[in-house]
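User: Could you take me through one part of this model at close range? I would like to hear how its helices pack together.

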Amino acid sequence: MAKNLLIVESPAKAKTINKYLGKDFQVLASYGHVRDLKPKEGAVDTEHGFAMAYEIIERNEKHVDAIAKAAKLADDIYLATDLDREGEAISWHISEILKERGLTKGKQLHRVVFSEITPKAIKAAVAAPRQLSHDLVDAQQARRALDYLVGFNLSPVLWRKVQRGLSAGRVQSPALRMIVEREDEIEAFKAREYWTVEAQLKHAEGDFTARLSKLNGKKFEQFDLTNEADAQAARDALKQAARGRLTVSDVGSKERKRRPAAPFTTSTLQQEAARKLGFTTSRTMKVAQGLYEGVALGSEGNVGLITYMRTDSTMLGDDAMAELRQLIARDYGAKALPDAPQVYKTKSKNAQEAHEAIRPTSAMHTPKSVAAFLNDDQRKLYELIWKRTVACQMIHATLNTVTVEFAVRGVPGGDAAFRASGTTVVDPGFLAVYEEGRDQKNADDDDEGRRLPRLAVDEQVPLHEIVADQHFTEPPPRYSEASLVKALEEHGIGRPSTYASIIQVLQNREYVFLDSRRFKPSDVGRAVSKFLTQHFTRYVDYDFTAKMEDELDAVSRGEEAWVPLMERFWLPFKQQVDEKTESVDRSEASGARELGSDPKTGKPVSVRLGRFGPYVAIGTKDDEDKPTFASLRPGQSMHTITLAEALELFKLPRQLGTAPNGEEVSVAIGRFGPFVKQGSTYASLKPEDDPYTIELPRALQIVQEKLEMLANRLILDFGNGVQVLNGRYGAYITDGEKNARIPKEQEPKELTEAQCLELLAAAPARKPGRFGKKGATKKAAAKKAAPAKKTAVKKAASKKVAAKKTPAKKTAAKKTATKKAAAERPATSKTGA
């Protein structure tokens with residue numbers, strides 16, 4: 001039996017490390033976090049020093065048991081989880097579980113850390129272990145307690161004041177605020193017209209253009225020409241003064257150097273992978289995790305290809321830099337090497353512990369040499385990391401920019417001038433390997449790579465045409481994943497390891513959605529953000545959030561105690577939550593606003609946020625007649641909808657006429673989208689059908705298709721709830737609670753009732769659905785079985801299970817009932833609130 005137990009986080013990492021350490025070590029995985037706070041109120045005891053009540057995460061119980069079993073037999077235990085604050089906390093949780101089970105007596109607990117999974121790094125880490133850092137653990141505990149207290153206290157306020165099921169987070173809320181404020185800027189933006197003037201020039205060495213740079217004796221500014229009349233007048237005057245040619249008045253040449261970008265940190269990797277590869281932040285981190293933990297490289301076996309992918313550092317180790325310089329000299333020549341290694345300072349004001357940047361574990365593993373062993377995503381990301389790392393140790397690029405001025409004299413109002421620029425690469429340096437991407441182009445980008453003809457002062461160049469072009473200023477762009485990560489980092493919000501999860505939470509909550517790969521807030525997201533910004537300003541403030549991150553960093557360095565930090569946060573926060581719960585009006589909190597009056601009734605028309613999303617209402621609950629409601633159409637926002645647009649929504653439901661059998665046919669919008677109703681038959685409209693314009697023939701066609709589908713679905717019906725149906729994956733038997741497969745050799749139409757009941761009895765119970773159907777099914781099954789006698793042993797066991805599962809069952813049943821009630825209620829043109 002192995003004398004030493006080494007515990008890592010993932011099974012892939014365990015597999016790679018296992019072969020490096022030999023038979024004296026057993027390597028097991030914790031499968032991520034092993035404990036978390038109990039998901040109930042009071043898990044952080046604010047009255048007793050913020051004591052935290054943890055429990056083992058259910059899905060990882062078997063992995064914890066395996067670790068405990070191995071620990072019992074081991075002489076020494078090595079905790080080798082990730083090297084960041086979160087990894088330190090996982091090691092601490094494992095050590096606490098082992099202590100609670102009495103498995104650490106007489107044994108040494110070692111903490112080992114490494115930033116790359118290579119034989120050299122692993123053996124060096126095991127040979128030089130340290131003790132657990134309680135400062136890092138305290139910082140992570142404080143972070144978890146803060147997140148818990150914000151979530152458990154702010155979320156219920158949102159449920160009461162905005163909409164049920166919402167959540168607020170210490171870091172996600174400031175991130176949401178960024179996206180919402182950008183949307184506000186875009187909506188408030190007023191476009192300004194401006195005109196540019198450009199000369200098209202002919203030359204034997206190649207045609208080129210020059211931009212107007214001087215007009216009326218002064219520098220030409222963006223808003224000097226703001227309408228077509230002035231622009232055309234300026235164009236005509238310039239053309240007349242030029243008389244078919246422009247004369248070179250000055251030629252300037254300037255050489256500049258461009259340094260390579262620093263090696264990747266987590267955030268810059270996420271940004272560049274978004275720009276160049278179209279990867280989401282979560283996809284980037286998942287692929288990077290696989291490259292870090294190890295990839296099978298043929299005869300080499302499993303090899304960790306990159307260093308740890310959660311880091312703020314741009315530092316490279318001495319060994320890595322020596323290897324990079326060796327590779328550059330071999331593949332790009334000695335002239336591509338600077339005199340000394342390039343050193344990059346970490347820019348992040350909230351940089352974590354001094355880890356290395358993200359780099360290949362060996363630069364000699366070139367993208368070409370490993371491509372055959374990687375999947376497409378791994379190949380693309382590894383190539384990006386490899387190129388960026390190699391380029392950062394190469395010589396700068398030398399660029400030459402030539403600027404040519406063309407003076408135009410004799411223009412009424414003062415002299416004018418045109419300017420042409422071109423930039424050429426004198427020495428590519430690092431650009432031979434890699435160039436950093438940009439979110440937005442600037443003016444210099446147009447000149448890059450453009451060569452101008454050789455021109456001399458006083459040389460006359462034939463003028464082909466002078467063109468005036470109309471433009472309008474554009475609003476600031478919505479955030480992309482890359483620019484949002486950059487903004488979060490610049491504001492000091494979150495940490496490299498949290499950017500992907502922040503973005504994922506905002507999308508999962510449907511607070512934001514991607515529109516042309518840019519983040520747009522939903523109406524619910526805007527309501528949540530505006531409510532928090534107005535009533536909990538301090539807690540969504542960028543500086544406050546960044547300062548909190550600084551304080552957590554101070555805890556991790558041992559410069560500050562975590563409990564006083566918690567006390568400073570908790571007391572004013574709790575007081576504000578209590579005060580706002582009582583004082584804030586729900587209509588105000590949800591962003592409700594009055595749009596005007598209904599011309600038919602004179603009643604007020606308002607837009608509000610309800611349980612199932614935004615809707616417009618005619619009238620109020622205080623009126624004698626109940627108000628009428630209509631849901632907003634896809635793409636409409638409660639923040640921008642006008643009175644005219646709102647009144648259009650009340651044209652539904654539309655009566656289209658009668659079917660050949662005399663049944664009324666109408667069209668409306670329900671909770672699940674637009675539908676046609678004929679008698680008691682409901683059929684969803686296709687994406688190309690518009691409920692406001694659809695006519696009777698098309699509606700009848702949609703209903704007929706639905707009826708045919710239903711007719712083809714039913715194979716047999718025994719009249720007692722047992723049916724044989726055609727499903728997505730073929731025929732099956734159902735009784736409404738269980739589904740059973742039909743044996744391949746059995747013809748579905750020939751099944752008897754007895755055969756169906758037998759197959760249903762042998763079928764497994766349905767898996768729990770999103771709304772807790774399993775709980776409801778179990779409850780129904782228990783009711784049916786109630787009269788049956790049970791042995792004392794079975795009774796006792798049943799009680800034990802019931803005691804353990806009852807809360808979950810109740811919640812599930814409640815959810816199911818709520819959803820069912822909701823489904824039965826129409827969502828459009830309703831009466832009553």
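Analyst: Happy to help; here is a look at helix 12 and its two helix neighbours. This is a predicted model, where local features need pLDDT of at least 70, side-chain atom pairs count only at pLDDT 80 or more, and totals for chains, interfaces and linings use all residues. Residues are numbered from 1 along each chain as its sequence is written, and side-chain values use heavy atoms, with hydrogens and water left out.

Helices here are DSSP runs of H or I with at least four residues, numbered from the N terminus. Let's start with helix 9 (residues 281–293), which packs against helix 12 (residues 376–391) at an angle of about 85 degrees, the axes lying 10 Å apart. Axes are lines fitted to C-alpha atoms over the stretch in contact, and angles run from 0 to 180 degrees between N-to-C directions. Helix 9 is therefore roughly perpendicular to helix 12, a label for angles of 65 to 115 degrees. From helix 9, R283, T284, V287, A288 and L291 meet D377, Q378, L381 and Y382 of helix 12; contact means heavy atoms within 4.5 Å. The residues of this contact divide into five nonpolar, two polar and two charged. Nonpolar covers Ala, Val, Leu, Ile, Met, Phe, Trp, Tyr, Cys and Pro, charged covers Asp, Glu, Lys and Arg, and the others, Gly among them, are polar.

Now for helix 10 (residues 318–332): its axis and that of helix 12 come within 10 Å and cross at roughly 90 degrees, so helix 10 is also roughly perpendicular to helix 12. Here L324, L327, I328 and Y332 of helix 10 meet W386, T389 and V390 of helix 12. That contact has six nonpolar residues, one polar and no charged.

Note on methods. Helix = DSSP H or I, 4+ residues; strand = E, 2+ residues; numbered from the N terminus. Parallel < 35°, antiparallel > 145°, perpendicular 65-115°, else oblique.
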